Amino acid sequence: MGAYGYGRHETWLEKIGGAIGAVVRLVFCTLVLCAWLTAAFLYRDTPMEVFGIGTGWLSLAYVLVPVGFYCVAMTNRRYGPAYAFAQVVTALALVTALVLFARDAIAEIVPLDSAPSLREAAAFGIAFLLASFVSIVAFDGARGPRWWTAPLIGFLAAAIVFAAVFFAVSYTGTGRAWLSDCVQYMGLIAGEGLLLLIPFWAMRRMVPPVAGFGGY
């Protein structure tokens, strides 16, 4: 009787089933984020200019950055911060492994003739990892009855951290005057984050949070 004093214990079959379900959910979330990373790579050389921002340096890949944070926010809403962070780490690790060990195979599918420098690629990965972590923590801490609070705070936190880290790691010591571009880009992706509240609102009923998150 003591074994059931605090509730029924899971059987080993239930534990295995739960583990398999967790892996399946993580695989799907990771593939979604990998698709975004692939799109960012493919459009890294497509020039953009938005309201005068980005003349000479902004590309479509940079404009797509907030979409990655949107994917992470939806995972955070549905499954919680642990899943969301695992999604980010797994996707980045998978892409890094593919680039390191399957470069020739990738070159047959997507062009690698103008791949970013190692420093720029590292800056992107570090910035996205740190910004995602801050965004996940901010989103989870802001969960509440107002549906827009958590994603808004998460998107804004991600915009600030990503822009600051990416530009600092990419251009510190190069002689480039990057601070103005950093501030402009920060404002641009923060504005995109505001626009992404629209699809977030539209997807709320389709992507409800699991039990334990109070319905938020």
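Helices in this account are DSSP runs of at least four residues, numbered from the N terminus. With that naming in hand, let's walk through the structure, keeping in mind that this is a predicted model.

A good place to begin is the second largest pocket, since the helix names are put to use there straight away. Of the elements, α3 gives the most to the lining of this pocket, with six residues. Both α1 and α3 give two or more residues to that lining. The space inside the second largest pocket comes to about 280 Å³, and 13 residues line it, with Phe28, Cys29, Met74, Thr75 and Val207 the closest to its centre. If you sort the lining by character, you will find nine nonpolar residues, two polar ones and two charged ones.

From the pocket we can move on to the nonpolar core. In soluble globular proteins, nonpolar side chains tend to be buried together. Here, the largest nonpolar core holds 51 residues, and Phe128, Phe162 and Tyr185 have the most contacts inside it. Many helices take part: α1 (12–42), α2 (60–63), α3 (65–79), α4 (81–101), α6 (118–141), α7 (149–171), α8 (179–195) and α9 (197–203) each give two or more residues to this core. The top contributor is α7, with 11 residues.

To get a feel for the core, try centring your viewer on Phe128. Which residues does Phe128 touch, leaving aside those up to four places away in sequence? The list is Leu33, Trp36, Gly68, Phe69, Val72, Val88, Leu92 and Phe162. Phe162 is worth a second look, as this partner of Phe128 is also among the residues with the most contacts inside the core.

Finally, let's turn to the charged side chains. Side chains of opposite charge can pair when their charged atoms come close. How many salt bridges does a search of the whole structure find? There are two.

One of them joins Arg143 to Asp140, with the closest N and O atoms 3.0 Å apart. Arg143 counts as buried because its relative accessibility is 17%, which is under the 20% cut-off. Asp140, at 28% relative accessibility, counts as partly exposed.

The other salt bridge joins Asp181 to Arg176, and here the closest N and O atoms are 2.7 Å apart. Is Asp181 buried or exposed? Its relative accessibility is 15%, so Asp181 counts as buried. Arg176, by contrast, is partly exposed, with a relative accessible area of 28%.

Technical notes
Residues numbered from 1 in each chain as written. Predicted model: local features only at pLDDT ≥ 70, side-chain atom pairs only at ≥ 80, totals over all residues. Heavy atoms only, no water. Core = buried A, V, L, I, M, F, W, Y, C linked by side-chain atoms within 4.5 Å. Buried < 20%, exposed > 50% of the residue type's maximum accessible area, 1.4 Å probe, protein only. Contact = heavy atoms within 4.5 Å. 1 Å grid on protein atoms, 1.4 Å probe; cavity = no way out; pocket = protein on both sides within 12 Å on 5 of 7 lines; lining within 4 Å. Points joined across faces, edges and corners; volume = space filled by probe spheres on them. Nonpolar A, V, L, I, M, F, W, Y, C, P; charged D, E, K, R; others polar. Salt bridge = Lys/Arg side-chain N within 4 Å of Asp/Glu carboxyl O.
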